[in-house]
Amino acid sequence: MKKAFLLLFLTMVMAGCTAGSEAEPAANATEISLGSRILLLEAEGLGLKREFQPDGLDSLYKDTVYELDAGSANVTVNVRKLNNGDRFVMMRLEGKGTLKGTVAMEDADDYYVIDWAKDMPERDHNKVTGIDPTKPPVGLFRYTKNHQFMNEIVMSHSFTSKTLTELYGSGRESTIRELLAENDTVTHTQKGVEFELTSERDQMTEQWFLLAEKPLFNETNHLNEWITFQKENYKEVNNWFTVDGPMKKLPWSVEPFTKDGYGRYLGTMIEKEAVDRFFKYQDRYFYNLTVQSAANLWVYRESREDVIWKTEFTSTWLKQKYDITAPYVDTRHNELIALYLHRIGKELGVPELEAALIEYSDYLLNLISIDNIVPAENGYYPADYYSPQQGKQFIHASLNHALGEANMFIKAYNETKNKKYLFAARDIRQAVESTGDKWIRPNGDLWYQINRDGSFDGGDYELLTLYDLRRHEKSWKELGGNPSPILQKLIESKEQYLNSK
């Protein structure tokens with residue numbers, strides 16, 4: 001840090017001493033410390049405006065944000081130092097200009113590269129999201145000296161986009177990004193890795209990398225499996241990290257509309273697969289993605305001064321049916337986030353993350369108390385969404401949301417022994433039982449949702465609800481409860497339907 005300031009100060013002093021009546025051009029290079037390494041940034045007129053450390057979770061990570069001028073463009077760099085010494089670095093060039101970056105490895109005498117993006121499978125057009133062209137990182141670079149490990153770097157592609165915003169009044173808005181281009185400008189030598197960001201007016205170009213102090217994978221097969229998973233299961237991973245969080249391909253049913261829309265999609269802001277692999281394998285890369293995920297979600301929530309995570313882009317389907325625009329609460333996304341942050345917090349000893357489970361459980365109980373539900377003959381289904389805009393409109397409830405929330409309440413009860421959570425889980429279970437086999441469609445599959453008037457709509461997920469049903473029965477049994485003939489019937493009908501396909 002001191003070195004970066006000293007370099008900038010000396011450059012400015014030298015320019016001032018020789019300028020006389022005609023000022024010299026501003027400094028064109030800035031160094032940012034990455035511990036034992038340096039990030040060298042070069043751009044016309046580049047100069048540091050501000051450096052600050054926002055609040056975060058000090059036991060897990062510490063962010064240092066650098067804001068720089070670059071002529072008519074602005075540069076933002078967030079260096080996220082994790083508690084194991086590794087660093088995620090997210091960079092943004094906004095406005096017309098070019099930014100060159102170098103991660104120097106001057107002492108290295110050998111290196112090799114593992115390409116993560118070669119032989120990409122062709123992606124089919126998805127009826128919900130269209131085509132997502134974003135690729136996994138360019139690859140992993142390992143640097144050594146005298147056959148001894150120095151560092152590994154995982155470097156992303158660069159992503160050029162522009163911001164699209166729909167305003168609704170009263171401070172409400174829907175914000176997405178339109179992806180314009182994805183490029184690989186990375187070059188590499190024994191001396192380090194270089195990249196280049198280029199942007200035009202009203203655009204921004206972003207790139208990220210991870211600098212590791214120790215090997216990222218314990219076994220080669222863990223690395224190979226992850227490379228394959230990223231290519232084949234691209235909907236479940238984040239390829240595009242920004243200083244504000246990850247960007248993910250959005251459904252076409254968003255406002256403002258573009259076929260190439262991306263945003264901070266809460267369903268994948270939890271790096272579910274990476275977190276699961278960390279708990280299974282303990283690889284450093286999966287640990288780093290786990291911390292990155294927790295940090296991104298923490299910053300997202302704290303910046304809104306809330307205890308829940310609100311969706312920041314409008315679903316045209318929800319707008320047309322319920323007159324709901326962004327921001328609004330998606331109960332299933334919040335349930336997933338609360339459970340995973342609780343798990344991460346408990347494992348890594350971070351009370352703030354561990355508290356997410358109870359904070360959201362209490363929030364959902366409050367929604368239930370204001371009748372944001374679909375009532376059943378016995379019990380109720382919590383509604384899938386909530387917004388103060390909806391007024392007295394009643395929103396539907398889907399079976400997978402309801403079961404997920406019941407399972408979350410059971411988890412909250414197991415953690416606290418507070419019976420209000422057990423009663424909530426029981427009430428949702430009773431709702432499913434009292435609705436009974438009405439959930440079964442004529443073809444043996446399950447309906448997706450139940451409406452306030454008791455009617456049903458939509459085709460179910462292929463496997464998600466089945467997993468939720470099984471998990472709920474297992475959790476209820478572990479509490480000492482009896483199996484439900486109705487839930488068993490739903491499980492069997494779904495299984496038979498899947499087997500007949």
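Let's start at Tyr-461, which at 41% relative accessibility counts as partly exposed (buried is under 20% relative accessible area, exposed over 50%, partly exposed in between, with a 1.4 Å probe and protein chains only). Before going on, note that this is a predicted model, where local features need pLDDT of at least 70, side-chain atom pairs count only at pLDDT 80 or more, and totals for chains, interfaces and linings use all residues. Residues are numbered from 1 along each chain as its sequence is written, and side-chain values use heavy atoms, leaving out hydrogens and water.

Now to the rings. The structure holds 23 aromatic pairs (rings of Phe, Tyr and Trp, the last by its six-membered ring, with centres within 6.5 Å; planes under 30 degrees apart are stacked, over 60 edge-to-face, the rest tilted). In one of them, Trp-116 and Tyr-285 have ring centres 5.5 Å apart and planes at 90 degrees, so this pair is edge-to-face. Along the chain, these two residues are 169 residues apart. Trp-116 is buried, at 0% relative accessible area, and Tyr-285 is buried too, at 2%. Both belong to an aromatic cluster with Phe-217, Trp-226, Phe-229 and Phe-286.

Tyr-461 has a ring partner as well: Tyr-448, in an edge-to-face pair with 5.9 Å centre to centre and 70 degrees between the planes. Tyr-448 counts as buried, at 16% relative accessibility.

Charges meet rings here, too. The charged end of Arg-304 sits over the ring of Tyr-300, 3.8 Å from its centre (CZ of Arg or NZ of Lys within 6 Å of the ring centre and within 35 degrees of the ring normal). Likewise, Arg-441 lies over the face of Trp-447, at 5.0 Å from the ring centre.

Terms used. Helices (H or I, at least four residues) and strands (E, at least two) are DSSP runs, numbered from the N terminus.
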